[in-house]
Structures are given as structure tokens and as C-alpha cells.
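User: I work at the bench and want to learn how to read a structure, feature by feature. Can you take me through this one?

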Amino acid sequence: MSITRIKGFADMFPPESDTFTRLENTAREVFFRYGFVELRTPIVEFTELFQRSIGEETDVVQKEMYTFPDRKGRSLTLRPEATAGVMRAYIEAGLVNKEAVSRLFTTGPMFRYERPQKGRMRQFHQINCECLGSHSPYADAELISMLLRFLGALGLRELTLKVNSLGCAQCRPRFREALLAYLAGVDRAALCPDCARRVETNPLRVLDCKQPGCRAITDQAPHLLDYNCPDCRAHFDVVLDLLAAAGVAYELDHRLVRGLDYYCRTTFEVVSGSIGAQAAVAGGGRYDGLVQSLGGPDVPGVGFACGMERLALMLEAGAAPAPAPDFYLVCMDGPSRREGWLLAQQLRGAGLRGEMNFSEGGFKSLMRQAGKSGARYGLILGPDELARGEVVAKHLESGRQQSVPRAGIVDFLQAGAETND
């Protein structure tokens, strides 16, 4: 019986792995401009971290986490999201005592046990940014601006920014009461099973249900913004003013509540219509009480996460092909192979990309391997070339070839790369 990959977990070969590398490198280039530094956190954490941060009544904790006991009976969980681990690391490292504002970003795999679908697997990948230490609405607007700059640097279009304000611990209870009063007047049986449960456990999540029946029922539900206290509304107005001043288009979305309990005040999502039905490709918001709820100091924060699989789907249509290797080195016998191996190291040391044959073979067979490699040049090294101190360079697309002194092969290939032949 052969061993196969687990359902919902994917292997990534080029070009998909190349796309993920591009996403990560673009994120680093953009985020570094804003003063962010990269943090790498463990994939496994104590389960209590996610129960306390995400919320015990959320769908993530209730139904989607990969949780298991270790050999000492402690409950461990594969991280279902990144923010909680960043908060734990921030507290444990004592960063609050070292810098006024911490700007951290992470990349890597997350795990949720849910139905695999296009753009979301059970092991999926995220890019996360967290700005800790500032209450200012300027931090909210800057995070949103940075997110859109990152997506723009990837060449993504057809994006819509949606924003809302969840209020705070002082004003949100009033909204919750109003929402519960509204839901008390609807036919509970008309709600989907998840929303019927959420009415009792997490009523705000009823607002962002995607089921048509539930959306129709909540069309006339109260709006969060109408229940924001003066401080929360003033905060949100500054965010909107800054976005407008920067030329950033946005839509107010009264249904936008996000799926995790720790959010407050500004919340946002970026959605795309280019991968089928409108789908969120990034989202986040403010979480001022999260650090304190995990045993740390009362430090405010705001952040976002991007789903890399969904971003990769959006890049597929316009993805540029990976650059061709510069060479495939064909060595005809043992002595040539030894010298060819040293030559290949020299070429790679000069920044050129390519490979060589390790095993014996006929000339035609070896040249077929060179052609399949996709390289620009096939380099041929046999006893005659070795004796003359030369390498035959064959342009594999046009078929033209010439002898090049071995001492000049690096310059020859680099010149070809600059002119694209």
C-alpha cells in the first residue's frame, strides 16, 4: 500500500512554489519600507492560547482546530491563525519594555479542519502584519495603506476595500442587545443551523453569514456604526478621512464583523471578484485588549492577514514565466565530467543558473536532456574541447553554436543573459 498525502494538504512544485516565493519576497520588500521586521513563531502552541485569544465559542475553536495531547497529557494545537502566537511571543520577549511601537510580520502555514476548496486547504498559508503599541487611528490607516500597496505591487486589480467599526467594550454591548432584540423577532427555524447556534453564543457572526436566507433575514438588522460611542466614532472618522486623503477608495460594510472575538473598532477586508464569487483575500482590524487578555500589559494593536493560496489564484492568469536556466552542461566522458563539474561551480559562483549530466549517455540523448531543461545554452565539453581549453556553446532555441574559450564562458553567458540573445 502506497503512502499518499493527507486530504486537504498539498505538495507545491514550480510554478506554484515560485508564486509563493514571489509573494513572500514582495511582502518583505514592501513591509520593510514601513519599518516592519520579520518574526517566525512555532507552528504548535498550547491550546489555551487560541481558546483565550480567538474565543471558545468561535467556529475556529469549536470545530476547526487540530488539537491533540502530547506525551505529558498537555493539550497542543496546530496554529489556526498567526496573531495569537505573535502576541504570545511579544509578551514573552518583553518587547513592550524595549520599543514604543513594535511592527512585526510573519509568513507560514496555518491549519484548520474544514472542507477543502479552491483557495483554502486544511493546511493553508498566510502573510500577517501586526502593529503593537499605538492607539492612533493613523496606525489603522497606515496598515490598510500598506496592505493595498503590497497587493498593488503584486499587480492585483479588481479589488474592493470594505471597512466597518466594531466599537469597543463600552459601546458594543448596547449593539449586542439591539441585535438580540432584532433576532428575537425572526423565525429561528429560517436561520441556517450555524446561525441558529450563533444567536445564543456569538450573535454578531450572524451578520456575516453567506447563506442567502440568513442575509435576507438580517437585511434590516441594526448597524454597528449607529451604536459606536463618541470616541469610537471619532477614531473611525479619522481613519476614513486619512484613506480619502490618500486617494484610497472604500465601501462601508455594516455586515463586516470578522470571525474572531478579539477585534474592536476598525475592521477591514479586501475582496476580489477575479476568482469566482467575491472572496476575501485579506482582512484585519484593531484588537486593543488582546495582549492584556493573554496575560500581558494593556497594549493596543492592529493587524491584518492575507491568504496566500487565494493571492496565488489571482496571480495565475498574469503570472510571468520563470526565467530560463542559463546553461545545461553536457560532459561526454569521465575526465570531461570532472572538469565540467568544476566549471559548473564556477558558473554558479558568477550568478548563472544551470545543471549538468551526472551519468553516461549518447550525445543525442544528452542533448535531448539539455533541450528538456529549458536552458538557453547547451554547453558541450568532451575530450577535444578539453584539450583545446574550449567549450562549445549551442543556443538551444536557434541551434546556432560556437566554440568559446573556457576562460571567457562566464562573460559569454552573462552577455547573452543581458541581451536575451
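Analyst: Start with charge pairs. Side chains of opposite charge can pair when their charged atoms come close. In this predicted model, Glu38 and Arg40 meet in a salt bridge, at 3.4 Å from N to O. Arg40 is exposed, at 65% relative accessible area.

User: Which residue forms a salt bridge with Glu38, with the closest N and O atoms 2.9 Å apart?

Analyst: That is Arg28. Arg28 lies in helix 1 (residues 16-33) and Glu38 in strand 1 (residues 37-38), so the pair ties together parts ten residues apart in sequence. Now check the cover. Arg28 counts as buried, with 17% relative accessibility. Glu38 is partly exposed, at 27%. Put the pairs together: Arg28, Glu38 and Arg40 are linked in a network of salt bridges.

User: How many salt bridges does the structure hold?

Analyst: It holds 18. Another of them joins the side chains of Glu360 and Arg337, at 3.3 Å from N to O. Glu360 sits in the loop between strand 13 (354-356) and helix 13 (363-372), and Arg337 in helix 12 (residues 334-349), so this pair ties together parts that are 23 residues apart in sequence. Glu360 is exposed, with a relative accessible area of 58%. Arg337 is buried, at 14%.

User: Next, sheets. What is the strand order in the open sheet of five strands?

Analyst: Read the order across the sheet, not along the chain. Here it is 13-12-14-15-16, and the pairing is mixed. Strand 13 and strand 16 (401-405) stand at the edges with a single partner strand each, so one side of each has no neighbour in the sheet. From one strand to the next, the twist averages 25°.

User: Do strand 12 and strand 14 run parallel or antiparallel?

Analyst: Parallel. Five bridges join strand 12 (residues 327-331) to strand 14 (residues 377-381). To find the register, look for residues that face each other: Val330 stands opposite Ile380 in strand 14.

User: What about antiparallel pairs? Which strands pair with strand 10 in that sense?

Analyst: Take strand 9 and strand 11. Strand 9 (residues 264-272) is joined to strand 10 by seven bridges, and the two run antiparallel. Strand 11 (residues 301-307) pairs with strand 10 over five bridges, also antiparallel. Arg286 is a useful marker. Cys264 stands opposite Arg286 in strand 10. In strand 11, Val302 is the bridge partner of Arg286.

User: Is strand 10 mostly covered or mostly uncovered?

Analyst: Mostly covered. In a regular strand the side chains alternate between the two faces of the sheet. Strand 10 (residues 279-286) has seven of its eight residues buried.

User: Now single residues. Where does Glu130 lie, and is it buried or exposed?

Analyst: Glu130 lies in strand 6 (residues 123-132). Glu130 is buried, with a relative accessible area of 1%. Compare sequence distance with distance in space as well. Glu130 and Thr106 are 24 residues apart in sequence and 8.7 Å apart from C-alpha to C-alpha.

User: Which residues make the nonpolar surface patch of about 210 Å²?

Analyst: Ile43, Val44 and Phe68 make that patch. Phe68 is found in strand 3 (residues 66-69). Phe68 counts as partly exposed, at 33% relative accessibility.

User: What should I look for in the backbone?

Analyst: Look for exceptions. Most residues other than glycine have a negative phi, and most peptide bonds are trans. Glu158 has a positive phi of about 55°, although it is not a glycine. Glu158 sits in the loop between helix 5 (137-153) and strand 7 (159-165), and is exposed at 59%. Arg265 also has a positive phi, near 50°. Arg265 is in strand 9 and is buried, at 17%.

User: Which peptide bond is cis?

Analyst: The bond from Pro14 to Pro15 is cis, with omega near 5°. Pro15 lies in the segment before helix 1.

User: Last, the overall layout. Which domains does the assignment give?

Analyst: The assignment gives domain 1 (15-168 + 229-314) and domain 2 (327-416). Read the plus sign with care: domain 1 is listed as two stretches of the chain. The centres of domain 1 and domain 2, taken over C-alpha atoms, are separated by 48 Å.

Note on methods:
Residues are numbered from 1 along each chain as its sequence is written. This is a predicted model: local features need pLDDT of at least 70, side-chain atom pairs count only at pLDDT 80 or more; totals for chains, interfaces and linings use all residues. Side-chain values use heavy atoms; hydrogens and water are left out. Buried means under 20% relative accessible area, exposed over 50%, partly exposed in between (1.4 Å probe, protein chains only). Helices (H or I, at least four residues) and strands (E, at least two) are DSSP runs, numbered from the N terminus. Two strands pair if DSSP finds at least two bridges between them. A salt bridge is a side-chain nitrogen of Lys or Arg within 4 Å of a carboxyl oxygen of Asp or Glu. Patches are made of residues with over 30% relative accessible area and no salt bridge: like charges are joined within 9 Å, nonpolar side chains (Val, Leu, Ile, Met, Phe, Trp, Tyr) within 5 Å. Accessible areas come from the Shrake-Rupley method with a 1.4 Å probe; for residues, only the protein chains shown count as cover. Domain bounds come from an automatic or database domain assignment. Axes are lines fitted to C-alpha atoms, for helices over the stretch in contact, and angles run from 0 to 180 degrees between N-to-C directions.
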